[in-house]
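User: I am a first-year student, and I would like to go slowly through how the side chains pack in this protein. Could we look at it together?

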Amino acid sequence: SKLNFYERRVLVTLTKKQIYLISILFLLLFATLCCNTIFFITIISLVQIAIAIIFFKTSKQGLFALSLIFLLMAYITHLGHFYIYTFELNADVPLYFDTFRNIPIFEILISGKYITMFLNTLTIGFIIGESKKNKTRVDKNKTYNLNAIKKIGYCFVIIGFIFEVIKDYQLIRGYLSGNYLTTTTIIQSGVMNTLANFFLYGLLCLMISYQEKKTILRIYYLIFNFTLIIPMLSGNRLNAVMFMVVGAFLYFKLIRKTTLITYVKLFLLGYFLILFVNIIADFRVSGLSYIEILKQLPEYVLSHSPLYDALGEFGVTDYSVIYCLRCIPVMKDFGYGLSYICSIFTVLPDVFGINQIIEPFVLFTTNFPSNYASGLGGSFIGEIYYNFSYFGIPIGILLGMIVIYYENKLVYAFATKKWITVIMLLPLCVMLLIWTRGYFRDFIRVFVWNTLLIYLILNFTKKRRRF
């Protein structure tokens with residue numbers, strides 16, 4: 001009806017606060033373009049972070065918004081070494097990926113300006129996207145069948161269990177052989193790794209289905225985190241950390257408690273998680289036995305700052321952007337969007353060898369010389385530069401609007417208890433965080449497989465109800 005049309009339409013309105021924040025960000029954008037020192041780039045990036053925090057503090061997502069976590073992870077992974085260098089922080093930085101020791105300062109400056117400007121426009125996209133108000137009314141009389149979510153969860157666990165066991169076995173074997181690159185390859189190994197992750201997605205579904213039974217909810221949450229310890233012990237920390245972040249996000253959403261104690265718990269959890277990650281990173285290359293590690297552990301904890309070391313460990317992602325600016329288009333031409341188009345073909349197993357043909361587009365780091373690419377991960381900012389050059393900076397606004405749009409969908413789904421929407425979006429939230437140091441192909445693969453399996457399970461169980 002005509003009334004429903006006006007009730008459901010999306011209105012775009014900018015408040016005075018949003019206009020002020022966007023104006024400041026545009027001024028910072030031009031300031032970044034003009035500045036010629038690492039110090040000023042660092043300060044501008046910190047001001048941009050403060051603006052983002054102010055915005056999310058007063059938005060409906062709040063400070064525990066996945067969009068804000070994504071943005072902060074982007075700053076940490078791409079500008080972590082900038083903060084260490086500028087403020088002379090006592091942090092452990094991997095020698096081979098020590099940006100300010102190995103890279104000419106003018107290249108660091110150029111890449112820093114590109115990163116800071118892109119994250120600026122990304123924040124602008126968040127602010128503009130948040131201004132869209134959904135006027136759709138919620139039917140408060142609608143009931144939601146958590147049993148269907150439970151069945152989907154158990155099916156996901158069954159599907160992913162055998163692949164998870166195989167993956168963990170290969171990770172342990174690769175770790176014991178001392179080959180870190182082997183464990184990294186296993187984590188990124190296509191369809192098998194995607195299917196193994198369904199074990200974790202299944203546990204998230206079971207957490208939702210048992211939300212009214214807090215004890216069972218906590219048991220599944222503990223199993224979820226325990227499952228992630230094995231890949232972390234093998235040296236692959238990033239994927240596990242991102243899964244843990246989304247798991248914590250879901251857990252605190254379900255227990256419906258956001259008091260000061262909740263934030264204290266989150267801080268302590270994050271602190272010890274970062275400390276645990278740094279211990280793994282440092283002792284992985286030491287060659288010490290577990291007994292020797294335990295002996296040295298107290299001294300290590302007292303002499304290291306986990307927050308500073310996290311900047312050194314995760315901040316190596318700036319190399320992907322630096323090398324991209326160095327090599328593209330000098331050695332290879334731009335991708336012109338083919339990274340995103342060719343990623344569609346990675347959904348299916350590589351039966352006909354097509355992945356070898358499209359690999360230079362899907363994995364932009366393979367276009368670098370072999371001595372550059374050793375141990376190098378991806379970067380969503382580097383991927384955007386590879387495809388669009390400096391035109392990628394305004395594309396940040398579009399990306400920000402898309403990300404906040406889907407987070408609004410997630411917030412709305414939690415509020416209206418549309419659990420099917422929640423379990424379809426949560427895996428994408430995981431991949432969004434991993435994308436800070438990954439590739440776009442993971443999005444397509446997760447979305448297609450997750451949606452297909454949910455559809456097949458719902459039809460197989462003949463529970464085609466409206467969620």
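Analyst: One definition helps before we start: a residue is called buried when its relative accessible area is under 20%, exposed when that area is over 50%, and partly exposed in between. Please also keep in mind that this is a predicted model.

User: Is Phe-199 buried or exposed?

Analyst: The limit for a buried residue is a relative accessible area under 20%. Phe-199 has a relative accessible area of 10%, which places this residue below that limit, and therefore Phe-199 is buried.

User: How are the rings of Phe-161 and Phe-199 arranged, stacked or tilted?

Analyst: Planes under 30 degrees apart count as stacked and those over 60 as edge-to-face, with the rest counting as tilted. The ring centres of Phe-161 and Phe-199 lie 5.9 Å apart and their planes meet at 55 degrees, so the pair is tilted.

User: Which helices does this pair link, and how many residues apart are its two members?

Analyst: Phe-161 belongs to helix α7, which covers residues 146–176, while Phe-199 belongs to helix α9, covering residues 190–209. The pair thus links distant parts of the chain, helices α7 and α9, and its members are 38 residues apart.

User: Which helix gives the most to the largest nonpolar core?

Analyst: The largest nonpolar core has 137 residues, and Leu-119 and Phe-380 are among those with the most contacts inside it. With 14 residues, the greatest contribution to this core comes from the helix spanning residues 238–255, namely α12.

Conventions: Residues numbered from 1 in each chain as written. Predicted model: local features only at pLDDT ≥ 70, side-chain atom pairs only at ≥ 80, totals over all residues. Heavy atoms only, no water. Core = buried A, V, L, I, M, F, W, Y, C linked by side-chain atoms within 4.5 Å. Buried < 20%, exposed > 50% of the residue type's maximum accessible area, 1.4 Å probe, protein only. Helix = DSSP H or I, 4+ residues; strand = E, 2+ residues; numbered from the N terminus. Phe/Tyr/Trp six-rings, centres within 6.5 Å; stacked < 30°, edge-to-face > 60°.
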